[in-house]
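Colleague: I'd like to learn how to read a model like this one feature by feature. Could you take me through it?

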Amino acid sequence: MKPPSLQDTGSPRRNPVTVRGMGAVSPAGWGVSALRQALEQSSPIAACPIEGPRPFRGRRVPPPAERPAVLSHARLRRSSPISQFAAAAAMEALRTVPYPPTELGIVFSTMCGSVRYTRRFYAETLDNPATASPILFPETVFNAPASHVAAALDASVPTYTLVGDSSVFLQALALGAQWVDSGFVRCSLVIAAEETDWSVLEGWKLFSRDTELAEGAAAVCLSCEPDSGGDPT
């Protein structure tokens, strides 16, 4: 079955698209509750030094107080931080979703992608191509996080990756909503994730010298089917 595109308009209208679950990984901590608590406190999260050729600062995700079970999956043990953030947020969002993984669709969105492993791989390649680690290369592609999430679900599901500017998550939400509205999937898992690195901070200085970037991930589950009751988060 061909997935609907953002331009398709011929599908019949179903029930309203609703959010059935949410997940988050942020500098406030691992989970939606940590992010909500930080928002309620209305106090900025302190930036930390980022290693690089010059002094950089950014807001990084702290180590989890309790390691999420999904990070023990074979595909995620050596994966890039962005993939781990995405997987943890995705599993939290799916926690109260009653559908089997085979009835889900994944839409992943990002602006920069796996910058840490990409920079490291090209640095090793430029230094000595004969000793550059081939293990790093799969983590340099944009669709690595979505692939890891699908593998963690142990299901063959529609998986798209969108790369764009700061509005790309809105495009991902629109695509995910269209998937469930058309009946292509019962539930769409929409994810956005980023990781910090000095190379990104250096590039961002060209646009804003005062903004301190943050890393993390957000995930929402969209569905057109009625909720059986209760708060999905």
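**Reading the model, piece by piece**

Modeller: Let's start with one residue: Ser208 counts as buried, because its relative accessibility is 17% and the cut-off for buried is under 20%. Keep in mind that this is a predicted model.

Colleague: Where is Ser208 placed, and which side chain does Ser208 join in a polar contact?

Modeller: Ser208 sits in the loop between helix 6 (198-204) and strand 8. The side chains of Ser208 and Thr211 are joined by a polar contact of 2.7 Å.

Colleague: On to the sheet. What is the order of its strands?

Modeller: The order is 2-1-8-7-5-6, in an open sheet of 6 strands with mixed pairing. Strand 2 (29-30) and strand 6 (159-163) each have a single partner strand, so they stand at the edges and one side of each lacks a neighbour in the sheet.

Colleague: How many bridges join strand 1 to strand 2?

Modeller: There are 2 bridges between strand 1 (residues 18-26) and strand 2, and the two run antiparallel. For one pairing to look up, take Val25, whose bridge partner in strand 2 is Trp30.

Colleague: Which strands does helix 2 touch?

Modeller: Helix 2 (residues 81-93) packs on the sheet and touches strand 1, strand 2, strand 5 (104-110), strand 7 (187-194) and strand 8 (216-223). The direction of helix 2 makes about 145° with that of strand 1. Helix 4 (residues 144-153) lies across strand 5, strand 6 and strand 7, at about 155° to strand 5.

Colleague: How do I check the length of helix 2?

Modeller: Use the rise of 1.5 Å a residue: the 13 residues of helix 2 should span 18 Å, and the end C-alpha atoms are 18 Å apart, which agrees.

Colleague: And how should I think about the way residues point from a helix?

Modeller: An α-helix has 3.6 residues a turn, so residues three or four places apart point the same way. As for cover, helix 2 is mostly covered, with 12 of its 13 residues buried. Among those buried are Pro81, Phe85, Ala89 and Glu92.

Colleague: What does Ser83 touch?

Modeller: Ser83 lies in helix 2 and is buried, with a relative accessible area of 0%. Leaving out residues up to four places away in sequence, Ser83 touches Leu76, Glu139, Ala144, Pro145 and His148.

Colleague: Is strand 7 enclosed or open?

Modeller: Strand 7 is largely enclosed by the rest of the structure, because 8 of its 8 residues are buried. Both faces are covered: Cys187, Leu189, Ile191 and Ala193 are buried on one side, and Ser188, Val190, Ala192 and Glu194 on the other.

Colleague: How many bridges join strand 7 to strand 5, and how many to strand 8?

Modeller: Strand 5 and strand 7 run parallel, joined by 6 bridges, and Leu104 stands opposite Cys187 in strand 7. Strand 7 and strand 8 run antiparallel, with 8 bridges between them. In strand 8, Ala217 is the bridge partner of Ala193.

Colleague: Last feature: how many disulfides are found?

Modeller: A disulfide is a covalent bond between the sulfur atoms of two cysteines. A search of the whole structure finds 0 disulfides. Cys187 is in none, and the nearest cysteine sulfur, that of Cys221, is 4.3 Å away, while the cut-off is within 2.5 Å. Cys187 is also buried, at a relative accessible area of 0%. Cys224 is in no disulfide either, the nearest cysteine sulfur being that of Cys187, 10.0 Å away. Cys224 counts as buried too, at 4% relative accessibility.

Definitions and conventions:
Residues are numbered from 1 along each chain as its sequence is written. This is a predicted model: local features need pLDDT of at least 70, side-chain atom pairs count only at pLDDT 80 or more; totals for chains, interfaces and linings use all residues. Side-chain values use heavy atoms; hydrogens and water are left out. Two strands pair if DSSP finds at least two bridges between them. Helices (H or I, at least four residues) and strands (E, at least two) are DSSP runs, numbered from the N terminus. Contact means heavy atoms within 4.5 Å. Axes are lines fitted to C-alpha atoms, for helices over the stretch in contact, and angles run from 0 to 180 degrees between N-to-C directions. Buried means under 20% relative accessible area, exposed over 50%, partly exposed in between (1.4 Å probe, protein chains only). A polar contact is a pair of N or O atoms within 3.5 Å; within protein, one must be able to donate a hydrogen and the other to accept it, and residues adjacent in sequence count only if both atoms are side-chain atoms. The expected span of a helix is 1.5 Å times one less than its number of residues.
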